[in-house]
Amino acid sequence: QVQLVESGGGLAQPGGSLRLSCAASGIIFSIRAMGWYRQAPGTQRELVATISPGSTNYEDSVKGRFTISRDKNKNTVYLQMNSLKPEDTAVYYCNLRLVAGEYWGQGTQVTVSS
């Protein structure tokens, strides 16, 4: 059983910063990638950023503002979000892709508003 526990969401002002964390627990091996997706009301879930051995990938609108990183010893992935914009408002979901399957966190709300 694999569990993903997210934290760090909340309210930020435009131009502000938030840091999301996602800790994975359970039987975890052969990690293909970890990442973050988001879903705003009335829209489809979209990729924000992923990290896999040797590479990172970002959605165009967050490049230069968001940074994804991973602590392999803790099986934890982070998303540092700077220069936040109102259009970043969404529920952010952690994703873990193993050779054996794919898992999602429960989601954490990020709201950017003055």
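Of the chain's 114 residues, 40% count as buried, where buried means under 20% relative accessible area, exposed means over 50%, and partly exposed covers what falls in between (1.4 Å probe, protein chains only). The model is a predicted one, so local features need a pLDDT of at least 70 and side-chain atom pairs count only at pLDDT 80 or more, while totals for chains, interfaces and linings use all residues. Residues are numbered from 1 along each chain as its sequence is written, and side-chain values use heavy atoms, with hydrogens and water left out.

Now for the overall picture. The chain has eleven strands and zero helices; here strands (E, at least two residues) and helices (H or I, at least four) are DSSP runs, numbered from the N terminus. Reading along the sequence gives the pattern β-β-β-β-β-β-β-β-β-β-β. The radius of gyration is 13 Å, close to the 13 Å that the globule rule gives for 114 residues, so the chain is as compact as a globular protein of that length. That radius is taken over C-alpha atoms, and the rule itself is 2.2 Å times the number of residues to the power 0.38. Along the principal axes, the C-alpha atoms fill a box of roughly 40 × 25 × 25 Å.

Contacts (heavy atoms within 4.5 Å) often link distant parts of the sequence: among those with a separation of 6 or more, 54% involve residues 24 or more positions apart. On the outside, the chain exposes about 6100 Å², and carbon and sulfur atoms supply 46% of that area. These areas come from the Shrake-Rupley method with a 1.4 Å probe, and for residues only the protein chains shown count as cover. As for charge, there are 11 positive and 8 negative side chains, and the centres of the two sets lie 7 Å apart. Lys and Arg count as positive, Asp and Glu as negative, while His and the chain ends are not counted; each charge is placed at NZ of Lys, CZ of Arg, CG of Asp or CD of Glu.

Next comes the inside. The largest nonpolar core has 29 residues, and those with the most contacts inside it are Trp36, Leu79, Met81, Tyr92 and Leu96. Such a core is a set of buried Ala, Val, Leu, Ile, Met, Phe, Trp, Tyr and Cys residues joined through side-chain atoms within 4.5 Å. At least two of the core's residues come from each of β1 (2-7), β3, β4 (31-39), β5 (46-52), β7 (66-71), β8 (76-81), β9 (90-98) and β11 (108-112). Strand β9 gives the most, with five residues. Leu79 shows how many partners one core residue can have: leaving aside neighbours within four places in sequence, Leu79 is in contact with Leu18, Arg19, Leu20, Trp36, Val48, Ala49, Phe66, Thr67, Ile68 and Tyr92.

Two strand residues are worth a look. Ile31 lies in strand β4 and counts as buried at 17% relative accessibility. The C-alpha atoms of Ile31 and Leu98 are separated by 4.5 Å, although the two are 67 residues apart along the chain. Apart from residues up to four places away in sequence, Ile31 touches Pro53, Arg70, Asn75, Leu96, Arg97 and Leu98. One of these partners, Asn75, is found in the loop between β7 and β8 and has a positive phi of about 50° although it is not a glycine. Gly26, by contrast, sits in strand β3 (residues 18-26) and is exposed, with a relative accessible area of 53%. Its C-alpha atom is separated by 5.5 Å from that of Gln1, 25 residues away along the chain.

The loop between β8 and β9 holds a run of three residues to compare. Asn82 is placed in this loop and is partly exposed at 30% relative accessibility. Between Asn82 and Arg19 there are 8.5 Å in space, C-alpha to C-alpha, and 63 residues in sequence. Not counting residues up to four places away, Asn82 touches Gly16, Ser17, Arg65 and Phe66. Ser83, in the loop between β8 and β9, counts as partly exposed at 40% relative accessibility, and has a positive phi of about 50° without being a glycine. Leu84 lies in the loop between β8 and β9 too, but is buried, with a relative accessible area of 2%. Outside its neighbours within four places, Leu84 is in contact with Ala12, Gln13, Pro14, Gly15, Gly16, Ser17, Leu18, Arg65, Phe66 and Val112.
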